[in-house]
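Subject: The two-chain model, handed over

Hi,

Here is the model I promised to send you. Please have a look at it first, and then read my notes below.

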2 protein chains.
Amino acid sequence: VRRADQRAVRTSNLSLVARRIAETRAPSRAQLAKLTGLNKTTVSSLVAELIERGIVTESGLADTRGAGRPAQTLELDDSRIAALGLEINVDYVAVCVCDLRGAVRFRATVGHDNRRSSPAVAFELLANLAGDALAECDALGLTPIGAGISVPGTVEAETGMLIHAPNLGWNEVPVAQHLRDALGNPPFPIHVANDANLAALGELESGALRGVDDGLLLYGNIGIGGAVIVAGAIFRGSGGFAGEIGHVPVRPFDGERCRCGGRGCLETIAGQEAIARRVGIPGTRSVSGSPATIVAERARSGDADVLRALDEVAESLGVAIAGAVSLVDPRRVVLAGALGTLAPWLLAGARDAVSQRTRVAPTAVEIVSSELGDESAIRGGAALVLHEVLSDPTCAEARVQRSEQSAVKRAGLVVAPG
Amino acid sequence: VRRADQRAVRTSNLSLVARRIAETRAPSRAQLAKLTGLNKTTVSSLVAELIERGIVTESGLADTRGAGRPAQTLELDDSRIAALGLEINVDYVAVCVCDLRGAVRFRATVGHDNRRSSPAVAFELLANLAGDALAECDALGLTPIGAGISVPGTVEAETGMLIHAPNLGWNEVPVAQHLRDALGNPPFPIHVANDANLAALGELESGALRGVDDGLLLYGNIGIGGAVIVAGAIFRGSGGFAGEIGHVPVRPFDGERCRCGGRGCLETIAGQEAIARRVGIPGTRSVSGSPATIVAERARSGDADVLRALDEVAESLGVAIAGAVSLVDPRRVVLAGALGTLAPWLLAGARDAVSQRTRVAPTAVEIVSSELGDESAIRGGAALVLHEVLSDPTCAEARVQRSEQSAVKRAGLVVAPG
């Protein structure tokens with residue numbers, strides 16, 4: 001066996017052990033040996049390396065119920081490394097810091113209508129937020145090892161290029177490069193991905209899609225994006241465009257023209273801007289919050305016009321979901337983003353419409369709200385980075401070293417905490 | 001290595017070599033060694049066994065262009081074993097015999113409205129056709145090694161039970177058992193599957209979906225079924241109900257009530273019965289042929305009412321396909337069954353509607369007609385059996401032996417050829 005192969009096997013075993021620790025509730029080394037099929041000596045050596053690399057930590061004593069020396073339990077280490085989740089959307093930018101267990105340690109959002117300014121302004125805002133996040137990492141003693149940015153459009157993942165964001169009016173924007181420049185070339189990789197896909201990843205990782213093999217997510221924003229889940233992963237389709245449930249026609253003959261060329265697409269009825277227009281409030285985020293937040297407040301206060309509008313939106317949602325159920329038969333459908341905010345007034349109507357319209361198949365689809373509120377996409381951005389660490393636990397160390405070397409450079413940019 | 005494991009490895013290698021021969025144009029043993037990564041001695045031994053089992057045959061001499069002894073080329077043997085494809089649909093029953101290369105050697109269809117009689121009558125008709133097919137196998141010197149039956153409804157594959165066929169009004173019909181009884185307990189397995197799924201399998205195997213990773217098939221019949229293709233295989237969804245594009249809503253608010261509980265489903269507009277009603281002809285097969293055949297004849301003769309009706313059907317098809325394109329982003333969409341028969345008058349309109357309504361994604365979806373005409377589902381039924389032989393080339397022999405033993409029994413049922 002060549003040395004390169006030995007190293008690859010070692011890395012793959014490190015990843016296996018780290019994943020089992022992530023999935024299992026505080027296993028001991030002996031339990032890990034059973035879970036991985038590796039022998040105890042190998043497991044002990046792998047765990048020692050993971051501890052040294054800041055991926056794993058000893059968390060306490062296992063309950064042995066009887067004889068024998070109590071064994072140490074293991075967990076992912078939440079005190080050493082962190083991932084940044086970032087989001088540029090139509091009317092806000094947002095950021096979060098997640099530790100290796102996926103817990104959110106810092107988050108911030110700034111409302112800004114990114115359609116009315118050049119991308120440069122949005123990146124300046126985002127870089128400021130990211131600076132706050134990096135400062136918070138310093139304060140918490142966490143080393144940032146990567147960032148994932150959510151954008152509302154189609155993306156070329158390899159280059160970090162935003163190809164087309166129709167609701168922003170942006171085309172061919174090198175997002176990763178812009179952010180890299182704005183952050184003074186930070187010593188960690190920057191990934192770019194579609195907002196609905198990252199929201200789905202966030203929900204798969206630690207929200208309403210956890211453990212779901214076949215699912216569907218609707219991500220409400222100014223428009224509506226989505227993701228189809230096949231075999232527990234995001235389904236791309238032949239060209240990477242799968243999941244666009246916002247452009248499923250609901251009123252294809254008498255509906256409003258949609259920017260996609262169609263008529264009566266779900267987005268023209270249940271997109272945040274469409275709902276706002278219908279109830280007579282501004283279609284973009286204001287000092288009072290996002291349109292969905294304002295609509296939710298009015299609904300909560302019993303505004304009859306708003307409640308009637310939401311009933312109609314719910315039925316249209318149900319029509320589009322019924323079509324998707326017939327086509328891809330998901331186990332669970334999740335309303336996220338602005339649709340998650342409005343879910344309390346949408347779920348019952350959507351469920352009714354779906355059950356009335358899909359009686360042919362004894363389908364048992366569940367329609368539920370996001371469990372991550374407006375954090376789905378940024379948490380998905382951070383999850384992209386954390387996945388990478390669990391796939392190759394050796395990648396973090398190099399980044400930690402580079403990060404320490406460049407701490408001086410970065411200090412110039414960082415806004416001091418508190 | 002235990003003997004059972006050795007046998008499993010041998011079977012898996014037999015399957016590998018048989019599949020490579022099926023996929024490649026007349027390879028030599030040397031080429032097979034390259035294609036499989038097995039050494040030449042092993043390949044020669046495996047090929048010898050496949051020849052003996054009637055799976056493979058030497059077909060000629062390779063063009064060696066120069067020095068060296070010309071090598072024998074290999075192909076699947078089309079002279080020894082055969083599979084039966086059977087179909088019970090709403091208004092006809094059909095059968096075909098395919099050889100191991102998938103070529104149709106015999107086929108027959110009988111029109112009969114299966115909604116107006118008990119399942120027993122349909123099985124009698126089907127058993128008669130199957131008897132003709134078995135007699136034809138005898139005449140051709142082919143040994144039948146399995147049958148796949150297509151039914152228009154949901155199926156429990158393990159038991160061969162038709163759970164629910166809404167357009168037939170049949171529930172819980174033990175199809176495999178009925179046919180087994182009607183054929184006097186034949187010495188080969190009988191598989192049961194959904195018609196649209198088998199049509200998709202037929203098209204994947206030797207029609208318009210060959211080589212397609214992400215696809216969609218619409219199977220027109222009295223109603224409309226369908227199949228979503230993911231990674232080159234039929235996608236089942238969480239409960240096995242994926243692909244039902246006939247119940248995607250096209251006129252969800254002002255359309256006709258559908259038997260699924262919905263309103264304005266694609267099936268209520270583009271199903272064969274809906275089209276027939278619209279142009280004023282009988283909704284089920286008559287002596288003049290299927291409704292689609294009659295509509296096609298009228299369209300061919302330039303009947304203006306029929307052409308106008310088909311234009312409207314084409315637009316509705318396009319609306320449903322546009323929604324499916326947004327959701328699952330297929331590379332190719334195939335119109336099969338009755339929709340294949342009518343494709344010459346539907347394709348242009350459907351393509352227009354899709355391209356107008358999906359401008360948001362630079363999708364390159366192709367919308368095409370079935371390449372197998374009304375044979376998609378029965379050929380898919382036969383393909384189920386032939387897949388099984390290529391997965392385990394040792395299974396055929398046992399069946400051939402049992403088949404010979406039971407030839408006497410079967411003779412009672414078989415209609416003498418000619």
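The notes below go through the pairing of the chains, the core, a few single residues and the salt bridges.

First, the ground rules. This is a predicted model, in which local features need pLDDT of at least 70, side-chain atom pairs count only at pLDDT 80 or more, and totals for chains, interfaces and linings use all residues. Residues are numbered from 1 along each chain as its sequence is written, chains are lettered from A and ligands numbered from 1 in the order in which they are written, and side-chain values use heavy atoms, with hydrogens and water left out.

**How the chains pair**

A turn of 180° with a shift of 0.1 Å along the axis lays chain B on chain A with an RMSD of 0.0 Å (a least-squares fit on the C-alpha atoms of residues with pLDDT of at least 70 in both copies). That is the relation of a two-fold axis. The copies meet through the same surface, because 100% of the interface residues of chain B are also interface residues in chain A.

Each side has its share in the contact (heavy atoms within 4.5 Å): 47 residues come from chain B and 47 residues from chain A. About 3,800 Å² is buried between the two chains, and carbon and sulfur atoms give 65% of that; buried area here is the accessible area (1.4 Å probe) that two parts lose on being put together, summed over both. The rule finds 0 salt bridges across this interface (a salt bridge being a side-chain nitrogen of Lys or Arg within 4 Å of a carboxyl oxygen of Asp or Glu). Helix 10 of chain B gives the most to the side of chain B that touches chain A, with 8 residues. Helices are DSSP runs of H or I with at least four residues, strands are runs of E with at least two, and both are numbered from the N terminus.

**The core and two residues in chain B**

The largest nonpolar core has 96 residues, and A:L218 and B:L218 have the most contacts inside it. Such a core is a set of buried Ala, Val, Leu, Ile, Met, Phe, Trp, Tyr and Cys residues joined through side-chain atoms within 4.5 Å. Among the contacts of B:L218 beyond four places in sequence are B:I245, B:L317 and B:L335.

B:L347 sits in helix 12 (residues 343-357) of chain B and counts as buried at 14% relative accessibility. Buried means under 20% relative accessible area, exposed over 50%, and partly exposed in between (1.4 Å probe, protein chains only). Leaving out residues up to four places away in sequence, B:L347 touches B:L335, B:I367, B:V368 and B:S369.

B:T36, in helix 2 (residues 29-36) of chain B, is also buried, with a relative accessible area of 15%. Its side chain reaches the backbone nitrogen of B:L38 at 3.2 Å.

**Salt bridges**

Over all chains there are 40 salt bridges. In one of them, A:E23 meets A:R20 at 3.3 Å, N to O; the two are 3 residues apart in helix 1 (residues 3-23) of chain A, so about one helical turn separates them. A:E23 is exposed at 56%, while A:R20 is partly exposed at 23%.

A:R105 and A:D99 meet at 2.8 Å, N to O. Here A:D99 is buried at 2% relative accessibility, whereas A:R105 is partly exposed at 31%.

Happy browsing!

Methods. A polar contact is a pair of N or O atoms within 3.5 Å; within protein, one must be able to donate a hydrogen and the other to accept it, and residues adjacent in sequence count only if both atoms are side-chain atoms.
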